[in-house]
Amino acid sequence: MDLCVTIKGVSFLLQTGMGVLGNTVVLLAYTHIVCTGPKLLPVDMILCHLAFTNLLLLLTRSVPPSMTVFGLKALLNDPGCKVVIYAYRIGRALSVCITCMLSVFQAVTITSTGPYLSRLKPSLPSLVIPTFAGLWLFNMAICISTPLFTMAPRNGTVSAFTLNLGFCLVDFRDNLSYVINGVAISGRDFAFVALMVGSSCYILLLLHRHSHQMKGIHRSQGGGAETRAAKAVLTLVVLYVVFFGIENVIWIYMLTVEKVSPVVADMRVFFSSCYASLSPYFIISSNKKVKAKIVCTAEHEQPSADTQDSNDK
């Protein structure tokens, strides 16, 4: 096997393995919290849903290329390609939407109560599930045309408006379909990223004001918890925006050249999945509930293992 192909396969496998493990741990931790403790806060519900979305993205975008690299040909038929690519498009869309939702909800949570927010803040917990449902329906509608253009790989030449993913083809057939699809997806992504950045800048402004005017609140437990949560959300937003920017710089480059190198296309796929792979580890390190649940589970398992070893001796 060619060295470059081996490096590509190993890179995708490591990225997928890390991401699946991290997001699964976050989901299991929150599941255990729900089963043994009180109801989740809105931010925790959003983080849990983000982990699920990232898991969906990784399983549909990183796993098939990895399997194809290591010799699994004809991995999916036409219906399989339609399902996998449609699920990937929804997962990718929800990743930006849920991160944006997280930023907006956190901005509303820590803001000083004003005439318009006095009624909104108490209703935040009841808005989480309807917002999830609305985002799912919205993105399912935006991506509804994806199955129409998706098919299994075929022998022979492909049209100029075909995206060859290796394991599947996305054939837009003509320039109009290609442009409409690109404008719809790019417009949605940039709109949510702009809202995400705007709400994050507002959070930064509030944190700056609090550091000078509300030091007493910062010393209290609630104020400190809100500040830590806000900083964690800001870091997730920065992480997303960085990888989103890298991916779109590569995408713009691909649109400007006549023939795209496979290495460049693989780099775009890799960077588009980096956020889904790395974000769960930041959630684990910055979220006290998740970290405490993981530590508690590990400590619970350790005495059991020691007891088993003693019995074996």
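**A walk from the sheet to the salt bridges**

Let's start with β1 and β3 (residues 169-171): these strands run antiparallel, and two bridges join them. Across that pairing, M151 stands opposite L169 in β3. Keep in mind as you look around that this is a predicted model. Zoom out a little and you see an open sheet of three strands, paired antiparallel in the order β1-β3-β2. That leaves β1 (150-151) and β2 (162-164) as the edge strands, each pairing on one side only.

Strand β2 also takes us to the largest pocket, since β2 is among the elements that supply at least two residues each to its lining. The space in there comes to about 1500 Å³. Fifty residues is a lot to click through, but of the 50 that line this pocket, L163, N164, L165, W251 and M254 are the closest to its centre. Helices contribute to the wall too: α1 (3-36), α3 (63-69), α4 (78-110), α7 (175-213), α9 (221-256) and α10 (262-272) each give at least two residues. The largest share, nine residues, comes from α7. If you're wondering about the chemistry of the lining, it divides into 28 nonpolar, 11 polar and 11 charged residues.

Now for the charges. A search of the whole structure turns up five salt bridges. One of them pairs D44 with K289, with the closest N and O atoms 2.8 Å apart. D44 sits in helix α2 (residues 42-61) and K289 in helix α12 (residues 288-312), so this contact ties together parts that are 245 residues apart in sequence. The two ends sit in unlike surroundings: D44 counts as buried at 4% relative accessibility, while K289 is partly exposed, at 36% relative accessible area.

Next, have a look at R92. The side chain of R92 meets that of D189 in a salt bridge, at 2.6 Å from N to O. This pair links distant parts of the chain, with D189 in helix α7 and R92 in helix α4, 97 residues apart. Both D189 and R92 are buried. R92 also forms a salt bridge with E247, where the closest N and O atoms are 3.1 Å apart. Because E247 lies in helix α9 and R92 in helix α4, that contact ties together parts 155 residues apart in sequence. E247 is buried as well, like R92. Put it all together and you get a network of salt bridges that links R92, R188, D189, E247 and R268.

One last stop is helix α5 (residues 124-142). Its 19 residues reach 26 Å from first C-alpha to last, close to the expected 27 Å. Its buried residues are L124, V128, F132, L135 and N139.

Conventions: Residues are numbered from 1 along each chain as its sequence is written. This is a predicted model: local features need pLDDT of at least 70, side-chain atom pairs count only at pLDDT 80 or more; totals for chains, interfaces and linings use all residues. Side-chain values use heavy atoms; hydrogens and water are left out. Helices (H or I, at least four residues) and strands (E, at least two) are DSSP runs, numbered from the N terminus. The expected span of a helix is 1.5 Å times one less than its number of residues. Buried means under 20% relative accessible area, exposed over 50%, partly exposed in between (1.4 Å probe, protein chains only). Two strands pair if DSSP finds at least two bridges between them. On a 1 Å grid over the protein atoms alone, a cavity is a set of points where a 1.4 Å probe fits but cannot get out, and a pocket is an open set with protein on both sides within 12 Å along at least five of seven lines; lining residues have an atom within 4 Å of a point. Grid points are joined across faces, edges and corners, and a volume is the space filled by probe spheres set on the points. Ala, Val, Leu, Ile, Met, Phe, Trp, Tyr, Cys and Pro count as nonpolar, Asp, Glu, Lys and Arg as charged, and the others, Gly among them, as polar. A salt bridge is a side-chain nitrogen of Lys or Arg within 4 Å of a carboxyl oxygen of Asp or Glu.
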